[in-house]
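Here are a few short exercises to work through with the model open beside you. Try each task before you read its solution.

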Amino acid sequence: MAKRRSRRNTAIKNITLFLLLVAIAVAVYFLSPYLEQYFGEEPREAIPVGDGEYIEIHVIDVGQGDSILIRTAGGDMLIDAGPSSGEDELKAYLTEMQVADLEYAVFTHPDADHIGNADMILTDYTVSNVIMPDREATSKTYERMMTALEASGANVVEPVPESSFTLGSMTVTILAPVGEKYSSTNDYSVVMRLDFGETSFMMTGDAEEHAEEDILERYSTAMLDCDVLKVGHHGSDTSTSQAFLDAVSPELALISCGEGNTYGHPYAVTLQKLEAASAEIYRTDEWGSIVLISDGVDITVQPQK
Ligand SMILES: [Zn+2]
């Protein structure tokens, strides 16, 4: 009898231990994103809230240029590929994030600070779809991109205004280019609105005032109002007209530019406008890579590395 009771006690102890281990494992699983956040590690998986889906926006510090990685449950999207001088930084960042495939690569316009590493992206990663404006360039960088694009077999998607697609639960709506005759290549930039739950993001490329005017003419303010604005043309005074800023009325402003860049980006006048609009400003030249996470309700800025 005594022996049997002892065996039963051992069994109960084992079950208790097992349940305790399960409880610890579950706790670690759910707490790990928060722990990572507090220990300053780059989050590979964002905080699961609500239905558990989330998106991440990474404005990668590639120096003077743009490269923005959007991670969703439906796959990754890269908006621009930075200048060729930022190739090592871009490659290292994507490697750290364990990016292998891109559902979409968007090359907003064919300037070297946006398509500098487009050939590398198209060669080293499996890219399913490429969105780019119908605008050619004569540069070697552009030629390299087109050669890599042909070899990649990626599907080329024309940026038709008002067309949209989804990545997970995120909706991407193409807003521009809407005009056809611009003197500046920047104005041909693919401009997109991203919607995830109640949160929204305006991605502008280098669209300048003329493009902004055409966008304002075509769309209602409701269509342009966003929580986050990726400030056009690295914060130059040729973008972010007061009327466009008023329509977007962002709470957060993201500026991608190189530390000590020779263009003087971002311009003081743009920063003043953003401040007057009460937008919180994040700049890659000061902050390094900027990571935002949206759970569909709140947008969290991840701590600086
Ligand atoms: Zn640019």
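**Exercise 1.** Does E158 count as buried or exposed, and why?

*Solution.* Two notes on the model come before the steps. The model is predicted, so local features need pLDDT of at least 70 and side-chain atom pairs count only at pLDDT 80 or more, while totals for chains, interfaces and linings use all residues. Residues are numbered from 1 along each chain as its sequence is written.

Step 1: recall the cut-offs. A residue is buried if 20 or more other C-beta atoms lie within 10 Å of its own, exposed if 12 or fewer, and partly exposed in between, with C-beta atoms placed from the backbone.
Step 2: apply them. E158 counts as exposed because it has 10 C-beta neighbours inside 10 Å.
Step 3: place the residue. E158 sits in the loop between β6 (155-157) and β7 (164-167); helices (H or I, at least four residues) and strands (E, at least two) are DSSP runs, numbered from the N terminus.

**Exercise 2.** Find D101 and list its contacts beyond four places in sequence.

*Solution.* Step 1: look in strand β4 (residues 101-106), where D101 is found.
Step 2: use the contact rule, C-beta atoms placed from the backbone and lying within 7 Å. Leaving out neighbours within four places in sequence, D101 is in contact with G75, D76, Y125 and T126.
Step 3: check the burial class. D101 counts as exposed, because it has 10 C-beta neighbours inside 10 Å.

**Exercise 3.** Work out on which side or sides of helix α2 the buried residues L90, Y93 and L94 lie.

*Solution.* Step 1: in helix α2 (residues 87-96), mark L90, Y93 and L94 as buried.
Step 2: consider their arc, taken from the directions from the helix axis to the C-beta atoms. They cover an arc of only 95° around the axis, so they are on the same side of α2.
Step 3: recall the general rule. An α-helix has 3.6 residues a turn, so residues three or four places apart point the same way.
Step 4: turn to the face away from the buried side of α2, which carries the exposed residues D88, A92, T95 and E96.

**Exercise 4.** Which residues have the most contacts inside the largest nonpolar core?

*Solution.* Step 1: define the core as a set of buried Ala, Val, Leu, Ile, Met, Phe, Trp, Tyr and Cys residues joined through C-beta atoms within 7 Å.
Step 2: read off the result. The largest such core has 71 residues, and A105, V228 and L254 have the most contacts inside it. Its largest share, five residues, comes from strand β8 (residues 170-176).

Key:
Contact = placed C-beta atoms within 7 Å.
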